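I opened this notebook to keep a record of what I looked up in the structure, entry by entry. The order follows my own reading and nothing else.

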Amino acid sequence: MNIFIWIAQILLALVFAGSGFSKLVQPYEKLAARMAYVNDFTPGAMRAIGTLEVLGAIGVVLPVLTGILPWLTPLAALGLSLIQILAFTTVHLPKKEYNVLPVNLVLLLLSTFVLYGRWEFFQ
């Protein structure tokens, strides 16, 4: 089971680090050309979302890997789950962007799996 949790953690870290990093370094106009929902947010909000995604990517792996504050890993997974729920309900569904919903759902399932699997640190 631990191997599957690690695989999920690594996948989440790769996806959210890449997504968050692109939101941090690419110009707002370039992001808006690639992703229609970007126009609904200010450049500062997009940078904040990118920052949260990068922090979540770090938090879902590093604490449990190093053994330093490992209880942060399930909290990071919870944060990534919330990002997906918000993306699903407030961005993609209202805009009828049904093609990206499967990606959101898979990421939500992975982050929930990590949350559940690493919950032991709270007990």
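**Entry 1: the largest pocket**

I began with the lining of the largest pocket and asked which helix gives the most to it; the answer is helix 5, with seven residues. I note at the outset that I am working with a predicted model, and that every value below is computed from it. Helix 5 spans 72-92, and it is joined in the lining by helix 1, helix 3 (43-59) and helix 6 (101-117), each of these four helices supplying at least two residues. The volume of the largest pocket comes out at about 600 Å³. I counted 24 residues in its lining, and those that lie nearest the centre are K23, Y37, A87, H92 and N104. Sorted by class, the lining holds 14 nonpolar residues, together with six polar and four charged ones.

**Entry 2: Y37 and its ring partner**

Since Y37 is one of the residues nearest the centre of the largest pocket, I looked up its ring next. A search for aromatic pairs through the whole structure returned one, and that pair consists of Y37 and F41, arranged edge-to-face, with 6.3 Å from centre to centre and 85 degrees between the planes. Is Y37 buried or exposed? It counts as buried, because its relative accessibility is 15% and the limit for that class is under 20%. F41, in contrast, is partly exposed, because its relative accessible area is 25%, which lies between the 20% and 50% limits.

**Entry 3: the nonpolar cores**

I then turned to the interior, bearing in mind that nonpolar side chains tend to be buried together in soluble globular proteins. The largest nonpolar core here has 14 residues, and the members that touch the most others are L12, A13, F16, V60, A77, L80 and V114. Helix 1, helix 5 and helix 6 each contribute at least two residues to this core. Apart from this core lies another one of eight residues, which includes Y28, L31, M35 and Y37. I marked Y37 here, as it has now come up in the pocket lining, in the aromatic pair and in this core of eight.

I also wrote out the contacts of F16, setting aside its neighbours within four places in sequence: they are F21, E53, V54, A57, L80, I83, Q84 and L107.

**Entry 4: Q26 between two helices**

Where does Q26 sit? I found it in the loop between helix 1 (2-25) and helix 2 (28-34). Q26 counts as buried, because its relative accessibility is 18% and the cut-off is under 20%. Leaving out residues up to four places away in sequence, Q26 touches L31, R34 and R47; of these, L31 is also listed among the members of the core of eight residues.

**Entry 5: two positive phi angles**

I looked at two residues that have a positive phi although neither is a glycine: L69, at about 50 degrees, and K96, at about 60 degrees. L69 belongs to the loop between helix 4 (62-66) and helix 5, while K96 belongs to the loop between helix 5 and helix 6. For exposure, L69 is classed as partly exposed at 44% relative accessibility, whereas K96 is classed as exposed because its value is 58% and that class starts over 50%.

**Entry 6: some distances between C-alpha atoms**

Last, I checked a few pairs for their separation along the chain and in space. I10, which is placed in helix 1 and is partly exposed at 44% relative accessibility, lies 48 residues from I58 in sequence and 9.9 Å from it, C-alpha to C-alpha. G44, in helix 3, is partly exposed at 49%; G44 and Y28 are 16 residues apart in sequence, with 9.4 Å between their C-alpha atoms. N2 is also in helix 1 and is partly exposed, with a relative accessible area of 42%. What separates the C-alpha atoms of N2 and P94 in space? I read 37 Å for this pair, whose members are 92 residues apart along the chain.

Notes:
Residues are numbered from 1 along each chain as its sequence is written. This is a predicted model: local features need pLDDT of at least 70, side-chain atom pairs count only at pLDDT 80 or more; totals for chains, interfaces and linings use all residues. Side-chain values use heavy atoms; hydrogens and water are left out. Buried means under 20% relative accessible area, exposed over 50%, partly exposed in between (1.4 Å probe, protein chains only). Contact means heavy atoms within 4.5 Å. Rings of Phe, Tyr and Trp (its six-membered ring) pair if their centres lie within 6.5 Å; planes under 30 degrees apart count as stacked, over 60 as edge-to-face and the rest as tilted. On a 1 Å grid over the protein atoms alone, a cavity is a set of points where a 1.4 Å probe fits but cannot get out, and a pocket is an open set with protein on both sides within 12 Å along at least five of seven lines; lining residues have an atom within 4 Å of a point. Grid points are joined across faces, edges and corners, and a volume is the space filled by probe spheres set on the points. Ala, Val, Leu, Ile, Met, Phe, Trp, Tyr, Cys and Pro count as nonpolar, Asp, Glu, Lys and Arg as charged, and the others, Gly among them, as polar. A nonpolar core is a set of buried Ala, Val, Leu, Ile, Met, Phe, Trp, Tyr and Cys residues joined through side-chain atoms within 4.5 Å.
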